[in-house]
Amino acid sequence: MSRISHLANGVTVISSPMAGLETASVGLFVDVGSRHEEARLNGLAHLFEHMVFKGAGGRSARALSEAIEDVGGELNAYTERDSTSFTAAVLAEHVPLAVELLGALVSRPHFEGADLAREAEVVLQELAEAEDTPSDIIFDELWGAAFSGQSLGRSILGSEESVRSIGPADLFAWRDDHYRGGSIVLSAAGRIEHDALVALAETHLGGLGSGRSERSEAATFTPRLRRARAKADQAQLTAGWAAPAIRAENHLPARLFADIAGGGTSSRLFQAVREERGLAYTVSAGLHGHEEIGLFYVHSAMARNQARAAQGLIDEVLRETAATLDQRELDRARTQVRAGQAMGRETPWGLATLAARQWLIHGRLISPDELTTRLQALDVETVRAAGAGLLAGRRAEATIGLPAAKAA
């Protein structure tokens, strides 16, 4: 059973003990990401995530690596549009070290100018690699088409110009403005003792500022068409429709529709487009929810000369799915959601992450029984209606590898 406590500055501490384990996963989850950046500093959240590993809490970059690897552990981090996470996996006896290191990363980073100059070059290499990989950048193109001119539509990595413009003062200001107690969850699972975890959090995170990070600008769906890299050998097609926000009551039926349409190899899109017609080597659908809006999207990749036929078939399959999805498909989608969460709960990292994300999104933990009840309450007509509602609106599109005449 998970336990929850709160520090005086607002940091939430969640422990999820798992019997029989000798290890633990500890994560620091922050309710801030790339969408909270100013346009001129696009890429700041991601660069911050990199830079904290260049030295923190009196340790150099090498000393940080040695401290965690000396005890057989791992440190990692990840930046998204809505959030940033810093994680450690260790033997249970080394949880105090894990919390100490995570706390130092966000509360006592060094941000030396020479380190920043070197790490900016590393990030620019990452950006160049992504730009050379169409499947890596097509979703940035889609988010840019769906949320044009807004923070939610900008790249997580930023641009060469914006990354080069970021200085140490910007990194410190980002930490001070956004890494505040009310926006942070310390979540741990495995062989964990709650009171000890809270005491560690107080020692290493209690000095962070109180309150919450300021919210980002509310996003508005702007259905545009974006085309990139017309000389690419393969075609990448994406389309997106406005969808329910992540806390909206109709988010779950919309998600089930997305899963039925393109959530796996048994989905309608995969079977029709790839297996039956061989028009694409990959095709899928999904739904991503943000605080105030969501995006239902379809992605496919194929030979350029198959793009028009594939797009036509994709549109046909989506319409048919919204009109004719059946009980068996709904039952399969419900089971897939339940299985995904159950499998996640059976690993320390999965359980720690699930608990933190539920708290940041919903302000509470959602039990497996509650999820099952909500899933079982949805019938075929409700999910069909959710799908039809998604497809009724205008679409955003992003393509790579197609000339303008073939992009529609």
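**Exercises: two cavities and a helix pair**

The largest cavity is lined by D259, I260, G263, G264, S266, S267, E329, R332, A333 and Q336. The model is a predicted one.

**Exercise 1.** Describe the lining of the largest cavity by helix and by residue class.

*Solution.*
1. Two helices, α9 (251-262) and α12 (327-345), each contribute at least two lining residues.
2. The most comes from α12, which gives four residues.
3. Sorted by class, the lining holds two nonpolar, five polar and three charged residues.
4. The space in this cavity is about 60 Å³.

**Exercise 2.** How many cavities of 30 Å³ or more does the whole structure hold, and what lines the second largest?

*Solution.*
1. The search finds two such cavities.
2. The second largest has about 50 Å³ of space.
3. Its lining consists of L237, T238, A239, W241, V298, S300, Q311, I314, D315, L318 and R395.
4. At least two of the lining residues come from each of β10 (234-243), β12 (294-303) and α11 (307-324).
5. By class there are six nonpolar, three polar and two charged residues in this lining.

**Exercise 3.** Classify the packing of helix α1 (residues 44-51) against helix α4 (residues 113-131).

*Solution.*
1. The angle between the two helices is about 120°, and their axes lie 10 Å apart.
2. This angle therefore makes α1 oblique to α4.
3. The crossing is right-handed.
4. On α1 the contact is made by H46, L47, H50 and M51; on α4 by D115, L116, E119, A120, V123 and E126.
5. These contact residues comprise five nonpolar, two polar and three charged.

Notes: Residues are numbered from 1 along each chain as its sequence is written. This is a predicted model: local features need pLDDT of at least 70, side-chain atom pairs count only at pLDDT 80 or more; totals for chains, interfaces and linings use all residues. Side-chain values use heavy atoms; hydrogens and water are left out. Axes are lines fitted to C-alpha atoms, for helices over the stretch in contact, and angles run from 0 to 180 degrees between N-to-C directions. Angles under 35 degrees count as roughly parallel, over 145 as roughly antiparallel, 65 to 115 as roughly perpendicular and the rest as oblique. A crossing is left-handed if the near helix is turned anticlockwise from the far one by less than a right angle, and right-handed if clockwise. Contact means heavy atoms within 4.5 Å. Ala, Val, Leu, Ile, Met, Phe, Trp, Tyr, Cys and Pro count as nonpolar, Asp, Glu, Lys and Arg as charged, and the others, Gly among them, as polar. On a 1 Å grid over the protein atoms alone, a cavity is a set of points where a 1.4 Å probe fits but cannot get out, and a pocket is an open set with protein on both sides within 12 Å along at least five of seven lines; lining residues have an atom within 4 Å of a point. Grid points are joined across faces, edges and corners, and a volume is the space filled by probe spheres set on the points.
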